[in-house]
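The report that follows reads through a single protein model, starting from its charged pairs and moving outward to the chain as a whole. Please keep the sequence and the coordinates at hand while reading.

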Amino acid sequence: ASTMPPGTHAFAWAQSYGVDLYGYWMDVRIGGKAQRFRYVPPGIFVMGVRADAPDRLPDEPLARRYRMDHGLWVAQTLVTQGMYDAVVGSAADQSYFKGADLPADSVSYATAENFARALGIGARLPSEAEYEYACRGPEGSSPMPTGRLSDSAWYWDREMDRGRAGN
């Protein structure tokens, strides 16, 4: 199997790249910090909320099918304060929770755009549709090849917690 998606190539900025259970990946390292990017192939997905969804807000767009004609590379995780500091500095000054391995938080959209540009790899923030597609995956697919939520997210199970707390 190829270590790059069909019709693509490794970018000059990628210090390493390959393919694993979750798909194609490339890493960028700056100041000793790494950020992994994952390839999201083209496809069709449903974006928006069903009209009859009980928690739908009046201004939320109704669900409709979108076609993503191009593949894209998306950061696998949120940018950490360590990576942010290595690129532009001062993430810890802005973040509510402090720690090099914690996400950079409390940054404006403009600041996030500046960070993407400062990476120097041609990065940009994804559009709303690109972001939602990267999170959901193609129509009819599972967000994770393993099918286990715990492989893609940390989550809190209220029922388990209630049982432990006894209330």
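## A network of salt bridges

In this predicted model, D27, R29 and R36 are linked in a network of salt bridges. Within the network, the side chains of D27 and R36 meet at 2.7 Å, N to O, while the side chains of D27 and R29 form a salt bridge at 4.0 Å, N to O.

The members of the network differ in how they are covered by the protein. D27 counts as buried because its relative accessibility is 6%, which falls under the 20% cut-off. R36, by contrast, counts as partly exposed at 25% relative accessibility, and R29 is likewise partly exposed, with a relative accessible area of 46%.

## A bridge between strands β1 and β3

The count of salt bridges in the protein comes to 5, and one of them joins the side chains of R38 and D20, with an N to O distance of 2.8 Å. This pair links distant parts of the chain, since R38 belongs to strand β3 and D20 to strand β1 (residues 16-20), with their positions 18 residues apart in the numbering. R38 is buried, its relative accessible area being 13%, whereas D20 is partly exposed, with a relative accessible area of 31%.

## The surroundings of Q35

Strand β3, which spans residues 33-40, also holds Q35. Is this residue buried or exposed? Q35 is buried, because its relative accessible area is 6% and the limit for that class is 20%.

A polar atom of the Q35 side chain lies 3.2 Å from the backbone oxygen of T77. Leaving aside neighbours within four places in sequence, the residues in contact with Q35 include M26, D27 and V28 on the one hand, and A75, Q76, T77, L78 and V79 on the other, with M83 also among them. D27, which is thus in contact with Q35, is the residue that forms salt bridges with both R29 and R36.

## Helix α4 and the segment around F45

Helix α4 covers residues 128-136 and includes R136, and E132 is found in this helix as well. E132 counts as buried at 16% relative accessibility, while R136 counts as partly exposed at 38%.

Both residues can be related to F45. Not counting residues up to four places away in sequence, E132 touches F45, V46, M47 and G48. R136 and F45 are 91 residues apart in sequence, yet their C-alpha atoms are 7.7 Å apart in space.

## A nonpolar surface patch

Which residues form a nonpolar patch on the surface? They are Y96, F97 and L102, which together have about 370 Å² of accessible area. F97 is found in the loop between α2 (91-94) and α3 (109-118), and this residue counts as exposed because its relative accessibility is 56%, over the 50% limit.

## The chain as a whole

The protein has 5 helices and 6 strands, and from the N terminus on its elements run β-β-β-β-β-β-α-α-α-α-α. Of its 167 residues, 26% are buried. The protein exposes about 11200 Å², of which carbon and sulfur atoms supply 55%.

Among contacts between residues at least 6 apart in sequence, 45% join residues at least 24 apart.

Technical notes
Residues numbered from 1 in each chain as written. Predicted model: local features only at pLDDT ≥ 70, side-chain atom pairs only at ≥ 80, totals over all residues. Heavy atoms only, no water. Helix = DSSP H or I, 4+ residues; strand = E, 2+ residues; numbered from the N terminus. Buried < 20%, exposed > 50% of the residue type's maximum accessible area, 1.4 Å probe, protein only. Polar contact = N/O pair within 3.5 Å; in protein donor to acceptor, adjacent residues only side chain to side chain. Contact = heavy atoms within 4.5 Å. Patch = residues over 30% accessible without salt bridge, like charges linked within 9 Å, V, L, I, M, F, W, Y side chains within 5 Å. Areas by Shrake-Rupley, 256 points an atom, 1.4 Å probe, with all protein chains shown as cover.
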